[in-house]
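Me: I've got a model open on my screen and want to talk through how it packs. Can you walk me through it?

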Amino acid sequence: MGARLRAIRTEWGLSLREVEEQSGQLAQEWGDQAYQISASWLARLEREDHELTASKLFVLAALYNLPHDALLKFCHPRNGAVLRNNRLNGPNTTQLLGEGPLENAARYLLPDSFTTDPTPEETTLLPRPVGATQSPYRRAILGRRDRTLDPMIRAGSILQVHTQQRAIAARRSWTHEFDRPIYLLLTRDGYVCGWSELDKDSVWLTLIPHPLSHATSQRWRYKKEVEIVGRVVAVSMRLVEEPLGQ
């Protein structure tokens, strides 16, 4: 961030002292000396020896004629990691989402068209969103014929699949059906979603149905007749069927 700010100041042809003088004028106009930036403070900021505070961000944005969010983009974590929406913790109370990272995550998982798109007959893997080619996540829609986990997960549900989690979890890693890992599988007949288990020799993979689904278990030769697309990490599900034409 410091190098970027120094480059912007250089492009404007401003010295450290001139930024200090102009920020002092802004501080007087805005009625708060907290907005004044000293030359020594700015020098330390540009050397990465100081943190950028909110008040100073407003001043630099005004002096450099930049939108505030343009400067915020410089404030990434030091290790370059970007916080993924799916890792954000939720609030302690129920909230109606407006804007922000949680709303973006919810809109990705639950698009506005969720209640109007017809449910396909077969479970379908959706195309990647534009610009998300490097993301480990894919989405799928559970088809009408894929009744393996019904009624826990109904047809038409949108599945978020982590494609880098393809190892079948051991029995000791879960305690009840809602905690049991769910996988999206690709077979010769198409995609299926459900609980999965391997035999002790890892030769056969069995798809386990929900006890209330009335579906039968299915078995394939592991890695020969079936491929694990990934683990289902989130589900958005209709609770009420939309009337036709709505």
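**Packing, helix by helix**

Reply: On one side of α1, T10 and E11 are exposed (over 50% relative accessible area, 1.4 Å probe, protein chains only). Bear in mind that this is a predicted model, where local features need pLDDT of at least 70, side-chain atom pairs count only at pLDDT 80 or more, and totals for chains, interfaces and linings use all residues. Residues are numbered from 1 along each chain as its sequence is written, and side-chain values use heavy atoms, with hydrogens and water left out.

Me: Which residues of α1 are buried?

Reply: Helices here are DSSP runs (H or I, at least four residues), numbered from the N terminus, and α1 spans residues 2-12. Buried means under 20% relative accessible area. Seen down the axis, the buried residues fall within an arc of 125 degrees (directions from the helix axis to the C-beta atoms), so they line one face of α1. They are G2, L5, I8 and R9.

Me: Which helix gives the largest share of the largest nonpolar core?

Reply: A nonpolar core is a set of buried Ala, Val, Leu, Ile, Met, Phe, Trp, Tyr and Cys residues joined through side-chain atoms within 4.5 Å. The largest has 17 residues, and α1, α2, α3 and α4 each supply at least two. The largest share, five residues, comes from α4.

Me: What does V19 contact, leaving aside its neighbours within four places in sequence?

Reply: V19 is among the residues with the most contacts inside that core. Contact means heavy atoms within 4.5 Å. With those neighbours left aside, the partners of V19 are R9, L14, L42, L60, L63 and Y64.
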